[in-house]
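Subject: A structure for you to look at

Dear colleague,

I am passing on the structure that I have been reading, and I would be glad if you opened it beside this message. Please take your time with it before you read my notes.

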Amino acid sequence: MGVGEVETVQGLDTSRPHPARVYDCWLGGKDNYAVDRAVAQQTVELAPETLRSVRDNRAFLHRAVRYLAEEVGIDQFIDIGSGLPTMENTHEVAQRYRSGARVVYVDNDPVVFAHGNALLATNGHTRVIQADLRDPDQILGHREICSLIDPGRPVAILLVAVLHFLGDADDPYAIVARLREAAAPGSHLVVSHLTGDCDPAKGREAVKIWERARAAVVPTLRTRRQVEGLLDGLDVVDPGVVPIDD
């Protein structure tokens, strides 16, 4: 399904950039609009390392899912803020190492919902739902989650490159805590997050690009210490909180 075919999807706003479609630009996809491409290009002009960082983030997702499926034995995954389908999606990696692994993708962009459902029409172990991370109870209580994910067994909750799209007013710490408390013992949380630690001035300018574009959500850059705070009370898998390519 090309992007032109989903312009009438309910709730789709093509006048404002959306993170899922901006990431699609950076990953070389075609399911995006001019407003998304403008933000993607301006960010790369400001910080050329963005493209490498986005690909490193994708590689991290693959490593984390492989580790959880193959080494830990997790066979249930909830991928929140999953973005548009691309090469080596979560369900493909998980099901390669854990046959029958069940995966639910969650995103608030209707384009993701439409494309994901088209891709997964024949996959009985995978679902896509349209929901917002800012309402974790909506996600946890969604009928597709309840029908596919067993709450009494360990689950992997993936929050990869999404928490920085929650502002401080959204209280990401409370949201993460709510997801954690709903997960059975033995569950795992996977997190990656933008930071401005290396170059705060460039980070602030990158945020302004999203603000000037009137994006529906704007990145909030957090320090390493703040990101570590999201993991309070958890045992962190080695090598801990490190740059994404490490």
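Below is what was found, taken from the sheet outwards to some individual side chains.

Please keep in mind throughout that this is a predicted model.

**The sheet**

A good place to begin is the open sheet, which has five strands in the order S3-S2-S1-S4-S5 and is paired in the parallel sense. Its edge strands are S3, at residues 126-130, and S5, each of which pairs on one side only. If you follow the sheet from one strand to the next, you will find a twist that averages 15°. Helix H5, made of residues 110-119, lies across S2 (102-107) and S3, and its direction is at about 160° to that of S3.

Within this sheet, strand S4 deserves a slower look, and you might ask how many of its residues are buried. Five of the five are, so S4 is largely enclosed by the rest of the structure. As a rule, side chains in a regular strand alternate between the two faces of the sheet. In S4, Ala156, Leu158 and Val160 point one way while Ile157 and Leu159 point the other way, and all of them are buried.

S4 is joined to strand S1 (residues 76-80) by three bridges, and these two strands run parallel. Two residue pairs will help you to find this connection: Ile78 has Ile157 of S4 as its bridge partner, and Asp79 has Leu158 of S4. Strand S5, covering residues 188-192, pairs with S4 over five bridges, again in the parallel sense, and here Ala156 has His188 of S5 as its bridge partner. Between S4 and S5 the chain passes through helix H8, and this β-α-β crossover is right-handed.

**The aromatic pairs**

How many aromatic pairs does the structure hold? There are two. One is formed by Tyr23 and Trp26, which meet edge-to-face, with 5.2 Å from centre to centre and 75° between the planes. These two residues are three apart in helix H1 (residues 19-26), so about one helical turn separates them. Residues count as buried under 20% relative accessible area, and therefore Tyr23, at 17%, is buried; Trp26 is buried too, with a value of 7%.

The rings of Phe165 and Trp210 have centres 5.4 Å apart and planes at 55°, so this pair is described as tilted. The pair links distant parts of the chain, since Phe165 sits in the loop between S4 (156-160) and H8 (172-182), whereas Trp210 belongs to helix H9 (residues 200-212), 45 residues away. Both Phe165 and Trp210 are buried.

**Arg21 and Asp36**

Helix H1 also holds Arg21, which is buried with a relative accessible area of 1%. What does the side chain of Arg21 meet in a polar contact of 2.8 Å? The partner is the side chain of Asp36. In addition, a polar atom of the Arg21 side chain lies 3.0 Å from the backbone oxygen of Arg16. Setting aside neighbours within four places in sequence, the contacts of Arg21 include Leu12, Tyr33, Leu84, Asp109 and Val111.

Asp36 lies in helix H2, at residues 34-46, and counts as buried at 0% relative accessibility. When neighbours within four places in sequence are left aside, Asp36 is in contact with Arg16, Pro17, His18, Arg21, Val22 and Cys25.

**His193 and Arg222**

The last residue I would like you to find is His193, in the loop between S5 and H9. Is His193 buried or exposed? With a relative accessible area of 16%, His193 is buried. His193 and Arg222 are 29 residues apart along the chain, and their C-alpha atoms are separated by 7.7 Å, while their side chains are joined by a polar contact of 3.1 Å. Not counting residues up to four places away in sequence, His193 touches Leu163, His164, Thr220, Arg222, Val227 and Leu230.

With best wishes

Conventions
Residues numbered from 1 in each chain as written. Predicted model: local features only at pLDDT ≥ 70, side-chain atom pairs only at ≥ 80, totals over all residues. Heavy atoms only, no water. Phe/Tyr/Trp six-rings, centres within 6.5 Å; stacked < 30°, edge-to-face > 60°. Helix = DSSP H or I, 4+ residues; strand = E, 2+ residues; numbered from the N terminus. Buried < 20%, exposed > 50% of the residue type's maximum accessible area, 1.4 Å probe, protein only. Pairing = 2+ DSSP bridges. Right-handed = clockwise from strand over helix to strand, strands pointing away. Polar contact = N/O pair within 3.5 Å; in protein donor to acceptor, adjacent residues only side chain to side chain. Contact = heavy atoms within 4.5 Å. Axes fitted to C-alpha atoms, helices over the stretch in contact; angles between N-to-C directions.
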